[in-house]
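The exercises below ask you to read a protein model step by step, with the sequence and the structure side by side. Try each task before you turn to its solution.

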Amino acid sequence: MAAPQRATFSNANVVDEFFTEARIEALNSELIKREIAAEQVITILPVAGQIMVSPTPPQFRVLYRTR
């Protein structure tokens, strides 16, 4: 699987992403650890878990603006 690409826009903001467990506590912990402020978050998308082949739990995909 290819590494995620960063998108650069004309106003020099860079969009980055990370995945975390689909729990509010895990999400808040990761945002604090990465020092991401609420106004930097673009969206939080739920990612369904997978039960076949290689089981994975549900996750959140977080897209945010870097500073």
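**Exercise 1.** Determine which way strand 2 and strand 4 run relative to each other, and how many bridges join them.

*Solution.* In this predicted model, begin by locating strand 2 at residues 14-21 and strand 4 at residues 59-65. Then follow the pairing between these two strands, which run antiparallel and are joined by seven bridges. As a check on the register, take Glu 21, whose bridge partner in strand 4 is Gln 59. Finally, turn to strand 3, residues 41-47, which is also antiparallel to strand 4 and is joined to it by six bridges; here Thr 43 stands opposite Leu 63 of strand 4.

**Exercise 2.** Place these strands in the order of elements along the sequence of the protein.

*Solution.* Count the elements to begin with: the protein has one helix and four strands. Reading along the sequence then gives the pattern β-β-α-β-β. For the contacts with a separation of 6 or more, 52% are between residues 24 or more positions apart.

**Exercise 3.** Identify the residues of the largest nonpolar core, and state which element supplies the largest share of them.

*Solution.* The core consists of seven residues, namely Phe 18, Leu 27, Leu 31, Ile 36, Phe 60, Val 62 and Tyr 64. Assigning them to elements, one finds that helix 1 (24-33) and strand 4 each supply at least two, and that strand 4 gives the largest share, with three residues. This grouping can be read beside a general tendency: in soluble globular proteins, nonpolar side chains tend to be buried together. To follow one member further, examine Tyr 64, which, leaving aside residues up to four places away in sequence, touches Val 14, Val 15, Asp 16, Glu 17, Phe 18, Arg 34, Ile 36, Gln 40, Val 41 and Ile 42.

**Exercise 4.** Decide whether Thr 20 is buried or exposed, and list what it touches.

*Solution.* Thr 20 lies in strand 2. Its relative accessible area is 9%, and the cut-off for a buried residue is under 20%, so Thr 20 counts as buried. Apart from residues up to four places away in sequence, Thr 20 touches Ala 26, Leu 27, Glu 30, Gln 59 and Phe 60.

**Exercise 5.** Summarise burial and exposed surface for the whole protein.

*Solution.* Of the 67 residues in the protein, 25% are buried. The exposed area is about 5200 Å², of which carbon and sulfur atoms supply 58%.

Key:
Residues numbered from 1 in each chain as written. Predicted model: local features only at pLDDT ≥ 70, side-chain atom pairs only at ≥ 80, totals over all residues. Heavy atoms only, no water. Buried < 20%, exposed > 50% of the residue type's maximum accessible area, 1.4 Å probe, protein only. Contact = heavy atoms within 4.5 Å. Areas by Shrake-Rupley, 256 points an atom, 1.4 Å probe, with all protein chains shown as cover. Pairing = 2+ DSSP bridges. Core = buried A, V, L, I, M, F, W, Y, C linked by side-chain atoms within 4.5 Å.
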